Amino acid sequence: MTVLVPITYKGGVYRHDIVIDLIDDLGGYIVQKHMIAQEVVLQSLVPKDDIELIRTISRPLAGIVIEAPLVGTEIAVVSPSLEIHHLPHTSCDVAEYLRSAGAKTNMIGLARGFGKRIANLNIEERDIINEHDCAVFMLGNFESCIEYKMPALRRGITVPIILTGRPSTEALQRIIDPPVDGYVGGIGRIGHRMKRQEGEIDRLDALVDEVSTVLSRKREEVAKDPLSVNPARLMTVLDDAMEITERSTHPTPITVQIRALRVKLPYDTYADAIAAIEIENGVRIGDITRILPSRMRDYILIHIRPFSETKIIV
C-alpha cells in the first residue's frame with residue numbers, strides 16, 4: 001500500500017492547476033484548498049516517494065512544498081472559559097499556529113472550566129471534544145490550580161490529550177496523575193499576541209512537535225488494523241458525488257480526520273443519501289462506515305470501520 005505523507009504547497013494562482021493535476025495523477029489527495037488574493041495554498045496527502053518530483057515541477061511556478069505534519073487532522077483547542085482572561089490571545093495564537101502546520105482546529109470554551117472548586121466538563125463538551133483526533137488543553141499559570149482542576153476536566157475524554165500551562169514541561173509531567181499523552185510548558189496566560197521568538201514562538205513550535213508526535217503514535221495504531229478506505233479518498237468520492245464543496249459556503253465543508261470525516265450537512269436530510277453512494281465495485285459508503293449525527297450543530301460524522309470488521313479495502 002502506498003504511504004501518503006502530508007505536505008503544503010504554496011504558490012501563485014497562475015498555472016497552479018498543473019500542481020493539482022500532478023497530485024491527482026500521482027494518486028494523492030488535496031484535503032484543503034485556499035486562495036488568498038494571488039496566492040494559493042494546497043494542503044495535500046501525496047506518495048512519500050514523489051515529494052521531490054512535486055518540488056521539481058513547482059519550482060518554475062515559484063511554488064514551494066513544505067512538510068506539514070498535521071494535514072488531515074482535526075484538533076480541539078480547549079480553553080477553561082470564554083472570558084477575556086482565557087481568550088482570545090493565547091488560545092487564538094495556538095489555534096492559528098496549529099492551522100499553519102496543516103491542522104483543522106476548533107476552539108472550545110468550557111462553560112464551567114474556571115475556578116478550582118467548580119471546574120467541570122459537561123456531557124456536550126465531552127462529546128464534542130471526543131469527536132476530534134486530539135485535544136490541546138490550555139490551562140493557566142499555577143501548578144496547584146492545574147493539578148486540582150485537571151482530573152475533572154479530563155473526565156470522560158477518550159482522545160489523546162496534550163496539556164499546556166505556564167509551569168515547565170517537567171513540572172506538568174510531575175503533577176498530572178495518571179499521565180496524559182503530551183506536555184508543553186511555558187504557555188500560560190499571555191495578555192498579548194505571541195510574537196517574540198524566545199519564550200513565545202519557540203513554545204508554539206514545541207507544541208506543534210508534541211502534537212505531531214502524539215498523532216504519529218495514533219496513526220501507527222490505526223496502521224496495525226488498516227481502515228477500509230483512506231479518509232482522504234472517501235472525501236474525494238463523497239465530494240464528487242454530491243458536489244459539497246462547490247455548493248457550500250463553509251471554508252472546510254468536509255473535514256478529514258485520521259479515521260473519520262466531518263461533513264457539514266444536516267444529518268437527517270443527507271445521512272441516507274451518503275450511505276448509498278458507491279465507492280468502487282458495488283461497495284457503498286454505508287457498507288464500510290458508521291454514519292452518525294455529530295454533537296457539533298447538526299453535522300454528520302462518518303467513522304471509517306477497520307479491515308478487521310468489514311474484510312473490505314477499497
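User: Which residue in S11 stands opposite valine 256?

Analyst: Keep in mind that this is a predicted model, where local features need pLDDT of at least 70, side-chain atom pairs count only at pLDDT 80 or more, and totals for chains, interfaces and linings use all residues. Residues are numbered from 1 along each chain as its sequence is written, while side-chain values use heavy atoms and leave out hydrogens and water. S10 and strand S11 (residues 260–263) pair in the antiparallel sense over 3 bridges. In S11, the residue standing opposite valine 256 is leucine 261.

User: Which strands are the edge strands of the open sheet that contains S10 and S11?

Analyst: This open sheet has 4 strands in the order S10-S11-S15-S14, with antiparallel pairing. Strands are DSSP runs (E, at least two residues), as are helices (H or I, at least four), numbered from the N terminus, and two strands pair if DSSP finds at least two bridges between them. Pairing on one side only marks the edge strands, S10 (254–256) and S14 (289–293).

User: What angle does the direction of helix H10 make with that of S14?

Analyst: Helix H10 (residues 267–275) packs on the sheet, touching S11, S14 and S15 (300–304), with contact meaning heavy atoms within 4.5 Å. Axes are lines fitted to C-alpha atoms, for helices over the stretch in contact, and angles between N-to-C directions run from 0 to 180 degrees. For H10 and S14, the angle is about 170°.

User: Why is one side of S6 and of S9 left without a neighbour in the sheet?

Analyst: The sheet here is an open one of 5 strands, ordered S6-S5-S7-S8-S9 with parallel pairing. S6 (104–109) and S9 (182–185) stand at its edges, so the reason is that each has a single partner strand.

User: How many bridges join S5 to S7?

Analyst: Strand S5 (residues 74–79) and strand S7 (residues 134–138) run parallel. Valine 77 stands opposite valine 136 in S7. Helix H7 (residues 197–224) touches both of these strands, along with S8 and S9. The number of bridges joining S5 to S7 is 4.

User: Is isoleucine 18 buried, exposed or partly exposed, and what is its relative accessible area?

Analyst: Isoleucine 18 sits in helix H1 (residues 17–25). Buried means under 20% relative accessible area and exposed over 50%, with partly exposed in between (1.4 Å probe, protein chains only). Isoleucine 18 is therefore partly exposed, with a value of 31%.
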